[in-house]
Number of protein chains: 2
Amino acid sequence: MADDAGGRPAAAQRQMMRPFERSLPMALLRAREAVMRGFRQQLREYGLNEQEWRIMRALMEVDRVEIGELAECVFILKPSAIRTIKNLESRGIVSRTRSSADQRRAFIALTARGRKLFEELAPHSEEEYARITKLIGSADMQELYELLRRVTDQLNGSKA
Amino acid sequence: MADDAGGRPAAAQRQMMRPFERSLPMALLRAREAVMRGFRQQLREYGLNEQEWRIMRALMEVDRVEIGELAECVFILKPSAIRTIKNLESRGIVSRTRSSADQRRAFIALTARGRKLFEELAPHSEEEYARITKLIGSADMQELYELLRRVTDQLNGSKA
DNA sequence: TATTGTTATACTCTATAACTATA
DNA sequence: TATAGTTATAGAGTATAACAATA
């Protein structure tokens, strides 16, 4: 069977293929997958997917926000965001109110129930965060945040 | 119009909503989006999407690999990977050969044409990389890679 | 005429489950 | 029986375009 590696059990047990070590997007994706893996399971137990959670987290910090801005900041296209919000609305998690100053605009906000759901999930998220901080150290965690922020800001700034 | 902010131009021109500053997954996603934005356009001009590029990059470094392992390492589910590979195969970018030692297994590899396509795109990728390195500095770039690698490895290792 | 939200459409990926064939 | 690949299916996101109401 030579280098065909026939009969090897599972890829995970061997030293896995680890491609494009020098690809920053891939390194970011890989890290994100590693971080999210645990939490995604928790989300599903609460009937939420990743996008819905992103929207909830965003709403948690701003009280209310227009749909377009919300969509942009959580990296979901407007049509998807509208559908997701409609879905969350039907479950009583978010509310939608029309701006009185400009009837075109709609504001989205978490309902009391949405906030409660968030509070139930947040500890799991915090736990994950604490676990990672413990694994790599608090100083390095800060450093990582700082570097990510710099890359993001510099790229977004130097793009016009 | 008060805090309704009626008549404001585009969200981007104002100080945008910047939610969950302390969410690591979001920071990773945001950075990834910033990094990929420029390159995604290039990909599309070559008729490739992100997943197809990920697969090509992975294949570029290993000669050939089984479908399951490939799918796992680029974070694409097997059914999606199979369809994508089938698509790439129909465009002559990858080839598929059956393992002689174990007829169940199939090996995927880049064709000469696939490799050529990669070589055409790689400079754009390198350019982006150089640009980022210049923006945040070579040392910090190294540091960022290192931190991402540690987070990933620690989480994956400490998970069993 | 420009903008916000909305709907429509086609395509793709996600997520599961079942199926085939090899082992 | 277990495994690698494959197909099937339902759901959701991506990406565009067009449309409505409002400004």
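Colleague: Hi! What follows α4(B), and what is its phi like?

Modeller: Hello! This is a predicted model, so read the values that way. In it, α4(B) is followed by B:Gly92, whose phi is positive, near 75°.

Colleague: Which residues other than glycine have a positive phi?

Modeller: Two examples are A:Asp63, with phi near 70°, and B:Phe75, with phi near 60°. As background, most residues other than glycine have a negative phi.

Colleague: Where do A:Asp63 and B:Phe75 lie?

Modeller: Both are in loops: A:Asp63 lies between α2 (50-60) and β1 (64-66) of chain A, and B:Phe75 lies between α3 and α4 of chain B. A:Asp63 is exposed, because its relative accessible area is 57%. B:Phe75 has 31% relative accessibility, so this residue counts as partly exposed.

Colleague: Back to the helix, then. What span should α4 of chain B have, and what does the model give?

Modeller: Helix α4 of chain B covers residues 78-90, which is 13 residues. At 1.5 Å a residue the expected span is 18 Å, and the end C-alpha atoms are 18 Å apart, so the two agree.

Colleague: Nice. Which residues of α4(B) are buried?

Modeller: B:Ala81, B:Thr84, B:Ile85 and B:Leu88 are buried. These residues cover an arc of only 100° around the axis, so they sit on the same side of α4(B).

Colleague: Why would residues spaced like that point the same way?

Modeller: An α-helix has 3.6 residues a turn, so residues three or four places apart point the same way.

Colleague: And what is on the face turned away from the buried side?

Modeller: That face of α4(B) carries the exposed residues B:Pro79, B:Arg83 and B:Ser90.

Colleague: What covers the buried residues?

Modeller: The cover includes two helices of chain B, α2 (50-60) and α3 (67-73), and the strands β2 (94-98) and β3 (106-110) of that chain.

Colleague: Switching to the DNA. Which residues come nearest to strand D?

Modeller: There are 26 residues around DNA strand D, and the nearest are A:Ser80, B:Arg44, B:Lys86, B:Arg96 and B:Arg104.

Colleague: What do the arginines reach on strand D, phosphate or base?

Modeller: It depends on the arginine. An N or O atom in the side chain of B:Arg44 is 2.6 Å from a phosphate oxygen of DNA strand D. In the side chain of B:Arg104, an N or O atom is 2.8 Å from a base oxygen of DNA strand D. From chain A, a polar side-chain atom of A:Arg83 lies 3.5 Å from a base nitrogen of DNA strand D.

Colleague: Which elements give two or more residues to that surface?

Modeller: Those are α4 (78-90) of chain A, together with α3, α4 and β2 of chain B. By class, the surface near DNA strand D has nine nonpolar, six polar and 11 charged residues. Of the atoms of DNA strand D within 4 Å of the protein, 63% belong to sugar or phosphate, and the rest to bases.

Colleague: How about strand C: how many residues surround it, and which are closest?

Modeller: DNA strand C is surrounded by 27 residues, with A:Arg44, A:Lys86, A:Arg96, A:Arg104 and B:Ser80 the closest. Sugar and phosphate make up 64% of the atoms of DNA strand C that come within 4 Å of the protein.

Colleague: Which residues have contacts to phosphate oxygens there, and at what distances?

Modeller: Among them, A:Arg44 has a side-chain N or O atom 2.3 Å from a phosphate oxygen of DNA strand C. A:Lys86 also has a side-chain N or O atom at 2.3 Å from a phosphate oxygen. For B:Gln103, a polar backbone atom is 2.8 Å from a phosphate oxygen of DNA strand C. The elements giving two or more residues to the surface near DNA strand C are α3 (67-73), α4 and β2 (94-98) of chain A, together with α4 of chain B.

Colleague: One last spot. What does the side chain of B:Asn49 reach?

Modeller: B:Asn49 lies in the loop between α1 (24-45) and α2 of chain B. Its side chain reaches the backbone nitrogen of B:Gln51 at 3.1 Å, and a polar atom of that side chain lies 2.8 Å from the backbone nitrogen of B:Glu52. With a relative accessible area of 35%, B:Asn49 is partly exposed.

How values were computed
Residues numbered from 1 in each chain as written. Chains lettered and ligands numbered in written order. Predicted model: local features only at pLDDT ≥ 70, side-chain atom pairs only at ≥ 80, totals over all residues. Heavy atoms only, no water. Helix = DSSP H or I, 4+ residues; strand = E, 2+ residues; numbered from the N terminus. Expected span 1.5 Å × (residues − 1). Buried < 20%, exposed > 50% of the residue type's maximum accessible area, 1.4 Å probe, protein only. Arc of directions from axis to C-beta. Contact = heavy atoms within 4.5 Å. Near = heavy atom within 4 Å. Polar contact = N/O pair within 3.5 Å; in protein donor to acceptor, adjacent residues only side chain to side chain. Nonpolar A, V, L, I, M, F, W, Y, C, P; charged D, E, K, R; others polar.
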